[in-house]
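Colleague: Please choose a single part of the model shown below and examine it closely. A first-year student will read the reply, so each term should be explained where it first appears.

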Amino acid sequence: MQHLVISLLSPAVVAAVVAGVVAGVVAARRRFVVVRVAGTSMVPTYQPGDRVLIRRGGRAVLRRGQVVVFRRLQPGGAGSAGRASGLRETEWLIKRVAAMPGDRVPDQVAPGVRASPGDVVPAGRLVVLGDGPTSRDSRHWGYLPVSEVLGVVIRRLS
């Protein structure tokens, strides 16, 4: 009788373990994403072809100096036209946060955001800059809406 109970529990235990593993993978995919760097705007920090691990969300805890991945802005600062349905259909950019809401607008960015000396970054906006000398960033297209941020780079994978 004891052998029969163990035999009956084994498929249930296996099913529970498999369900737990699947749930863990699904949760991890919702929380993390891998992005391949294209272009040279973040050289020397990231090279074209580097893969980076992104922690999705976390907009409430963004800090100056973090590298973020965000939805490509259209001319005039609007997000992607029509909001693509998935990560793969969206064009993403990678830049470093140079100023947060309430921070003084950096001098090199002031013309791009039409700011006067001493102006601060408005609520819900960020100033982002590429690490490379040829980066197109807030100096060219203005503030980045925080709502466009996918997440923060945790580390380089390759």
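Modeller: A residue is called buried when its relative accessible area is under 20%, exposed when that area is over 50%, and partly exposed in between, with a 1.4 Å probe and protein chains only. The model is a predicted one, in which local features need pLDDT of at least 70 and side-chain atom pairs count only at pLDDT 80 or more, while totals for chains, interfaces and linings use all residues. Residues are numbered from 1 along each chain as its sequence is written, and side-chain values use heavy atoms, with hydrogens and water left out.

The part chosen is the sheet, together with a loop beside it and the core. The protein chain contains 3 helices and 7 strands; helices (H or I, at least four residues) and strands (E, at least two) are DSSP runs, numbered from the N terminus. Along the sequence they follow the pattern α-β-β-β-β-α-β-α-β-β.

How are the strands arranged in the sheet? The 7 strands form an open sheet in the order 1-2-7-3-4-5-6, with antiparallel pairing. Two strands are said to pair if DSSP finds at least two bridges between them. As a general matter, strands of a sheet pair through backbone hydrogen bonds, either parallel or antiparallel. Strand 1 and strand 6 (144–145) stand at the edges of the sheet with a single partner strand each, so one side of each is left without a neighbour there.

The sheet may now be followed from one edge to the other. Strand 1 and strand 2 run antiparallel and are joined by 5 bridges; here Phe32 stands opposite Arg55 in strand 2. Arg55 also has a bridge partner in strand 7, namely Val152. Strand 2 and strand 7 pair over 5 bridges in the antiparallel sense, and Ile54 has Val153 of strand 7 as its bridge partner. Strand 7 also pairs with strand 3, antiparallel and over 3 bridges, with Val69 matched to Gly151 in strand 7. Towards the other edge, strand 5 (residues 125–129) and strand 6 form an antiparallel pair over 2 bridges, in which Leu126 has Leu144 as its bridge partner in strand 6.

Within strand 7, Val149 deserves attention. Val149 is buried, because its relative accessibility is 1%. Contact means heavy atoms within 4.5 Å. Setting aside residues up to four places away in sequence, Val149 touches Arg59, Leu62, Val68, Val69, Phe70, Leu126 and Leu144. Its C-alpha lies 8.6 Å from that of Arg56, although the two residues are 93 apart in sequence.

The next subject is the loop between strand 1 and strand 2, where Asp50 is found. Is Asp50 buried or exposed? Asp50 counts as buried because its relative accessible area is 10%. Its polar contacts come next; a polar contact is a pair of N or O atoms within 3.5 Å, and within protein one must be able to donate a hydrogen and the other to accept it, while residues adjacent in sequence count only if both atoms are side-chain atoms. The side chain of Asp50 reaches the backbone nitrogen of Gln47 at 2.8 Å, and a polar contact of 2.6 Å joins the side chains of Asp50 and Arg156. Arg156 also belongs to the contacts of Asp50 beyond four places in sequence, together with Val35, Arg36, Val37, Thr45 and Ser158.

The core completes the picture. A nonpolar core is a set of buried Ala, Val, Leu, Ile, Met, Phe, Trp, Tyr and Cys residues joined through side-chain atoms within 4.5 Å. The largest nonpolar core has 12 residues, including Val35, Met42, Ile54, Val69 and Val153. Strand 1 (32–36), strand 2 (51–56), strand 3 (67–71) and strand 7 (149–156) each supply at least two residues of this core. Apart from this core lies another, of 11 residues, among them Leu62, Val68, Val97 and Leu144. In soluble globular proteins, nonpolar side chains tend to be buried together. As for Met42, its contacts beyond four places in sequence are Val67, Ile94, Lys95, Arg96, Leu129, Gly130, Asp131 and Gly132.

Two totals set this part in the whole chain. Of the 158 residues in the protein chain, 35% are buried. Among contacts between residues at least 6 apart in sequence, 62% join residues at least 24 apart.
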